[in-house]
Amino acid sequence: MSANDNKMDINNLSMFYGDFKAIEDISLDIPAQRITALIGPSGCGKSTLVRCLNRMNDLINGVRVEGEVILDGENMYAPGYDTIALRRRVGMVFQRPNPFPKSIYENVAYGPKLGGIKKKGELDAIVEDSLKKAALWSEVKQNLQESGQRLSGGQQQRLCIARVIAVEPEVILFDEPCSAIDPVATQLIEDLMAELKRNYTMVIVTHNMQQAARVSDYTAFLLVQEQGEPGRLIEYGETNTIFTNPEDERTERYITGRFG
Amino acid sequence: MEVRKTFHEQLDELYRDLLKMANTSVETIERTRAAFASMDASRASSIIDDDDVLDDFVMKIEETGIELLARQAPVAIDLRTIIVIMRVAQHLERVGDLCVNISKAIVNLDGYTVSPWIQENMEQMFQRSVKMTVRAMEAFRERDVAKAEELSKMDDTVDRINRTFLTSYNKESEEELELIIRVVMIARFIERIADHAVDIGENVMYMVTGEFVEFS
């Protein structure tokens, strides 16, 4: 993998919650227009890591980061880096669908409006395009003025994806996006991710190993070796290799269920 | 902590079924060898009748294997083990079919006298193919890559004896054509049994290393 195929380079990244070191010395490349999955047991630091990729952790008191995350050649942890612009470029979809208590239309138009787009025609086009890309348009086009919170869980999650897409990000982070929705809705989201791969770089945290195996191109396995230690990267490689012939015995033991 | 205990118990059971099947296959080659050595048509017939046992084994192993693939979505070493168990079962079943082919030839040779030269060389081939099948299954059980690789060398001897049957026949022209053809066919069948042992070895390599190899 040559350097310019990578959208992000995570270099020697450690993160502390106060005195507690949550992840240690993680180095990982995120290839452009691919899906990278982060897997590992609960508490291994996979959610912490994904939240480092758009500086979501900055919002928590006492958080300190060492190392760097390079996005298109620039370290997002460098002093003076524009985090508002960063979060537009690197969007996030959360575990629980969290539409705003507004109409479907307003949910999607919210970001572009904040970004200064005011013309109705322009906003209409963005809303339609984003809902289409999120594979939700045909289900909601008649009811755009209904509350987003009245949709089903799976629809709400796709609405949240549309909301992210509407601000034209380059990277989409998914933090266990399917853990609160049913299997059919999960399949829809997975198909959607495969579609979105053409235009976006994606990182997904999932505790469902089969989901990682199904959707991702690359998989990173994180683990806390001893209680109280930070999470470390154990193995990173092509998903196909990780799930058929992993190199590290700890990866093998985890994915085959030989330890929890 | 083991979190997939039930699945791993099912996998162990599948594994044990394969070892049982392998014992039956080896026994079948042994019986076929004895039937040829004594040119005993009734012994040969009983081998033909008993082939169902191996067919049942392979069916059961495949059914369980498919079920585990569908329901447990195994990965890594578990995935490779299930795939290899299913493939090895196929090879062992083919070994049984070849023993049936040999046994049919033995039945058809009723009344012919087979020369000591043929007996001796055929005995050699039978013994080697038994040894190779046993060795292949040892390699499987012990996950022994070196043992699996040795099979290729052992196969060379079987191939060589097999070729001797073809080349030596030009000189022994007194023997009847039907006898010659059947003996050459039997040698060829035994040679195929040895090839299956080599294939099992290749599968062991895949199971252990995750690499596809072709022993030549």
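How many positive and negative side chains does chain B have, and how far apart do the centres of the two sets lie? Chain B has 26 positive and 42 negative side chains, and the centres of these sets lie 4 Å apart. In chain A, 29 positive and 36 negative charges are counted, with mean positions 7 Å apart. These values, like those below, were computed from a predicted model.

**The two chains**

Chain A contains 10 helices and 10 strands. Chain B has seven helices and zero strands. Read from the N terminus, the elements of chain B follow the order α-α-α-α-α-α-α.

The table sets out the dimensions and the exposed area of each chain.

| Property | Value | Source chain |
|---|---|---|
| Span of the C-alpha trace along its principal axes | about 55 × 45 × 35 Å | chain A |
| Span of the C-alpha trace along its principal axes | about 70 × 35 × 20 Å | chain B |
| Exposed area | about 11900 Å² | chain A |
| Exposed area | about 10200 Å² | chain B |

For chain A, the radius of gyration is 18 Å, and this agrees with a compact globule because such a globule of 260 residues would have a radius of gyration near 18 Å.

**Burial and contacts**

Of the 260 residues in chain A, 51% are buried. In chain B, buried residues make up 53% of the 216 residues. Carbon and sulfur atoms supply 45% of the area that chain A exposes, and 49% of the area that chain B exposes.

Contacts can also be sorted by separation along the sequence. Among the contacts in chain A with a separation of 6 or more, 67% are between residues 24 or more positions apart. In chain B, 83% of the contacts between residues at least 6 apart in sequence join residues at least 24 apart.

**A strand pair in chain A**

Which way do the residues of strand β6 of chain A point, and are they buried or exposed? Strand β6 covers residues 90-93. A:V90 and A:M92 point one way from this strand, while A:G91 and A:V93 point the other way. All four of these residues are buried.

Strand β6 of chain A is joined by four bridges to strand β7 of chain A, which covers residues 171-175. The two strands run parallel. Within this pair, A:V93 stands opposite A:F174 in β7 of chain A. A:V93 is thus placed twice in this description: on the side of β6 that A:G91 also points to, and opposite A:F174.

Definitions and conventions:
Residues are numbered from 1 along each chain as its sequence is written. Chains are lettered from A and ligands numbered from 1 in the order in which they are written. This is a predicted model: local features need pLDDT of at least 70, side-chain atom pairs count only at pLDDT 80 or more; totals for chains, interfaces and linings use all residues. Side-chain values use heavy atoms; hydrogens and water are left out. Buried means under 20% relative accessible area, exposed over 50%, partly exposed in between (1.4 Å probe, protein chains only). Two strands pair if DSSP finds at least two bridges between them. The radius of gyration is taken over C-alpha atoms; the globule rule is 2.2 Å times the number of residues to the power 0.38. Contact means heavy atoms within 4.5 Å. Accessible areas come from the Shrake-Rupley method with a 1.4 Å probe; for residues, only the protein chains shown count as cover. Lys and Arg count as positive and Asp and Glu as negative; His and the chain ends are not counted. The place of a charge is taken as NZ of Lys, CZ of Arg, CG of Asp or CD of Glu.
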